[in-house]
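Grab a pencil and work through a few exercises on the model below. Try each task on your own before reading its solution.

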Amino acid sequence: RGVLLERFERLKRRLEAEGLFDARRKKPIPLLPRRIGIVTSPTGAALRDIFNVLGRRFSGLGVVISPARVQGEGAAEEIAEGVRRLNAYGEVDVIIVTRGGGSLDDLWCFNEEPVARAIAASRIPVISAVGHQIDYTIADFAADLRAPTPSAAAELVVGRKAEFRDRIKGLAARMDRSLRLKAAEMRARFNRVASSYVFREPGHLVGRCRESVSHCRELCLLRLKGDLDDRRRRVDDLESALLHMLELRSRAIRQRVDGLGSRLASLNPSAVLARGYSMTLDRSGRALLSAAGVRPGEEIVTVLYRGRLKSVVRAAMGKATPSRQEEPDEDRSGG
């Protein structure tokens, strides 16, 4: 027995360290399951105890038995397989893993690791009900709920018919009272609305609405007229400003054109000639810029402000080239 207890504690500590017994992973037991799955020996006393409780409390409840040996070699694997089989079946709402009382050796299969892991991995809530109230197994810690006996497990799974019947009656009575109160409230509200001024004097209400609409219309027209006047004044102001700006711009352009015309007139060769200057051309009509450009005996033309003079060069004096070739020779003597 001492060896078994040591194995029990060692496995319990290891699985607990893995979080297999964590309360946060426990699943709630349904209030009124439609079908119960039971993993136990089909010939054991535990199954009879469960059926007795179910028959008294809620006859007709569906039960699915997943048979397994609950003692001896290979029992742990059969129990684990029974839990997995019910999960695969999927048509039960809660699973009871159970057997009656016995010695530590008799109950040892419920202390095996495969059973604990199968219970912890179950998608369906599992109740462990192994032995008597003083018996604790690893399966109890892994299950979502521990029941001290198989009968207690059945009592935890289902309530008494009378309890549910009374509860349903109470809910029905509360619903009836609530509906009556709601109906009375709606009736009173309807009466208040029906006796209100709106329904007693609808013509007055329509007249007031018509007056309100007319008043709103007048306000809108006044506001629109004011907005139009403001916009018209703004357009007039913009037009005046634009005309003034155009006048200033036109005046500036006119002054600039006049200035450019004066400058252009001052650069006109005729204007230079009018001031007493002359321009001398060679036989080909090119302007002479230097005395070196002609030879004695050549014919030249002197252009005056009014008329031209033809001359024959007798001698060329001052043959040095002027420092500014681009400036024409302005000769008052005419050659």
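The exercises go from sheet to core to rings, and end with a hairpin.

This is a predicted model, in which local features need pLDDT of at least 70, side-chain atom pairs count only at pLDDT 80 or more, and totals for chains, interfaces and linings use all residues. Residues are numbered from 1 along each chain as its sequence is written, and side-chain values use heavy atoms, with hydrogens and water left out.

**Exercise 1. Work out the strand order of the open sheet of five strands and find its edges.**

Step 1: Helices (H or I, at least four residues) and strands (E, at least two) are DSSP runs, numbered from the N terminus. Two strands pair if DSSP finds at least two bridges between them.

Step 2: Reading across, the order is E2-E1-E3-E4-E5, and the pairing is parallel.

Step 3: Strand E2 (62-67) and strand E5 (145-146) are the edges, as each pairs on one side only.

Step 4: Zoom in on E1 and E2, where six bridges join the two parallel strands. Here you'll find Thr40 opposite Pro67 of E2.

Step 5: Move on to Ser41, in the loop between E1 and helix H2 (45-57). With a relative accessible area of 16%, Ser41 is buried (buried is under 20%, exposed over 50%, partly exposed in between, using a 1.4 Å probe and protein chains only).

**Exercise 2. Find the largest nonpolar core and say which elements give two or more residues to it.**

Step 1: Pin down the term: a nonpolar core is a set of buried Ala, Val, Leu, Ile, Met, Phe, Trp, Tyr and Cys residues joined through side-chain atoms within 4.5 Å.

Step 2: The largest one has 36 residues, and Val39, Ile79, Ile95, Val97, Phe110 and Ile119 have the most contacts inside it.

Step 3: Two or more residues each come from helix H1 (2-17), helix H3 (75-89), strand E3 (94-99), helix H4 (113-121), strand E4 (126-130) and helix H5 (138-142). H3 gives the most, with six residues.

Step 4: Don't stop there, since a second, separate core of 17 residues includes Ile36, Leu54, Ala153 and Val157.

**Exercise 3. Describe the pair formed by Phe21 and Phe141: what is its geometry, and which parts does it tie together?**

Step 1: Rings of Phe, Tyr and Trp (its six-membered ring) pair if their centres lie within 6.5 Å; planes under 30 degrees apart are stacked, over 60 edge-to-face, and the rest tilted. The whole structure holds two such aromatic pairs.

Step 2: The centres of Phe21 and Phe141 are 5.7 Å apart and the planes are at 35 degrees, so this pair is tilted.

Step 3: Phe21 sits in the loop between H1 and strand E1 (35-40) and Phe141 in helix H5, so the pair ties together parts 120 residues apart in sequence.

Step 4: Check exposure: Phe21 is buried at 13% relative accessibility, while Phe141 is partly exposed at 27%.

Step 5: Add Tyr136, which ring pairs link with Phe21 and Phe141 into a cluster.

**Exercise 4. Which charged residues sit over Phe141 and Tyr136?**

Step 1: The test is NZ of Lys or CZ of Arg within 6 Å of the ring centre and within 35 degrees of the ring normal.

Step 2: Lys12 lies over the face of Phe141, 4.9 Å from the ring centre. Over Tyr136 you get the charged end of Arg146, 3.8 Å from the centre.

**Exercise 5. Is strand E8 (residues 308-312) buried or in the open?**

Step 1: Strand E7 (residues 299-303) and E8 pair antiparallel over five bridges, with Val301 opposite Lys310 of E8.

Step 2: Four residues separate the two strands of this hairpin, and Gly307 in the turn has a positive phi of about 95 degrees.

Step 3: Zero of the five residues of E8 are buried, so the strand lies largely in the open.
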